Amino acid sequence: MDDTYSNIMARLIPLYEMAPERFMAFYDAVYLICVDLPEGCRFRISDRCREKDLELFRDIVKTLISEQPYDKHTGQLELSDDMEYVQRTTGFKPSGNRFTPKQKKE
């Protein structure tokens, strides 16, 4: 099954409806971990949650990735190909002007 946003939400909404407070506590914890991740850093998902919660953690990360606004100056969240690591890329850093214009002699 493809992991489209609609499919992920179809899996998450029933969990939310069963226990909204518990679901939101987990969602908020995952959100804070991802938002506070500095550029160029990553973490292993299995180090942050229990094995039974891995799929839920990954689904929440996928929704955060799809919902994050694009800003070229800040790094973007990414899941590794094996879905084991969450990483934040480095943002665009403009280079300084290395060349100084020559002064024309008058």
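Ala, Val, Leu, Ile, Met, Phe, Trp, Tyr, Cys and Pro count here as nonpolar, Asp, Glu, Lys and Arg as charged, and the others as polar. The legends below use these classes. The model shown is predicted.

**View A. Helix H2 packs against helix H4.**
H2 covers residues 20–35 and H4 covers residues 54–67. Their axes lie 10 Å apart, at an angle of about 60°. The two helices are therefore oblique to each other. H2 passes H4 in a right-handed crossing. On the H2 side, the contact is made by Phe 23, Phe 26, Tyr 27, Val 30, Tyr 31, Ile 33 and Cys 34. H4 answers with Leu 56, Phe 57, Ile 60, Val 61, Thr 63, Leu 64 and Glu 67. Sorted by class, this contact holds 12 nonpolar residues, one polar and one charged.

**View B. Helix H1 crosses helix H4.**
The axes of H1 and H4 come within 10 Å. They cross at roughly 130°, so H1 and H4 are oblique to each other. The crossing of H1 past H4 is left-handed. H1 contributes Tyr 5, Ile 8, Met 9, Arg 11, Leu 12 and Leu 15 to the contact. From H4 come Leu 56, Asp 59, Ile 60, Lys 62, Thr 63, Ser 66 and Glu 67. The classes divide into seven nonpolar, two polar and four charged residues.

**View C. Helix H1 meets helix H2.**
Here the axes are 5 Å apart, and H1 and H2 pack at an angle of about 125°. This pair is therefore oblique as well. Leu 12, Leu 15, Tyr 16, Glu 17 and Met 18 of H1 make the contact with Pro 20, Phe 23 and Met 24 of H2. Seven of these residues are nonpolar, none is polar and one is charged. Leu 12 and Leu 15 of H1 also take part in the contact with H4. Phe 23 of H2 likewise appears in the contact between H2 and H4.

**View D. The largest pocket has a volume of about 260 Å³.**
Its lining is made by Leu 15, Met 18, Ala 19, Arg 22, Phe 23, Phe 26, Arg 50, Lys 52, Asp 53 and Leu 56. Helix H1 (5–18) and H2 are the elements that give two or more residues to this lining. H2 gives the most, with three residues. The lining has six nonpolar residues, no polar ones and four charged. Several lining residues recur from the views above. Leu 15 and Met 18 belong to the contact of H1 with H2, and Phe 26 belongs to the contact of H2 with H4.

**View E. The second largest pocket holds about 160 Å³ of space.**
Tyr 31, Cys 34, Val 35, Leu 64, Glu 67, Gln 68, Leu 77 and Arg 88 line this pocket. H2 and H4 each supply at least two of the lining residues. The largest share, three residues, comes from H2. By class, the lining has five nonpolar residues, one polar and two charged. Tyr 31 and Cys 34 of H2, with Leu 64 and Glu 67 of H4, also help to form the contact between those two helices. Glu 67 appears in the contact of H1 with H4 too.

Note on methods: Residues numbered from 1 in each chain as written. Predicted model: local features only at pLDDT ≥ 70, side-chain atom pairs only at ≥ 80, totals over all residues. Heavy atoms only, no water. Axes fitted to C-alpha atoms, helices over the stretch in contact; angles between N-to-C directions. Helix = DSSP H or I, 4+ residues; strand = E, 2+ residues; numbered from the N terminus. Parallel < 35°, antiparallel > 145°, perpendicular 65-115°, else oblique. Left-handed = near helix turned anticlockwise from the far one by under 90°. Contact = heavy atoms within 4.5 Å. 1 Å grid on protein atoms, 1.4 Å probe; cavity = no way out; pocket = protein on both sides within 12 Å on 5 of 7 lines; lining within 4 Å. Points joined across faces, edges and corners; volume = space filled by probe spheres on them.
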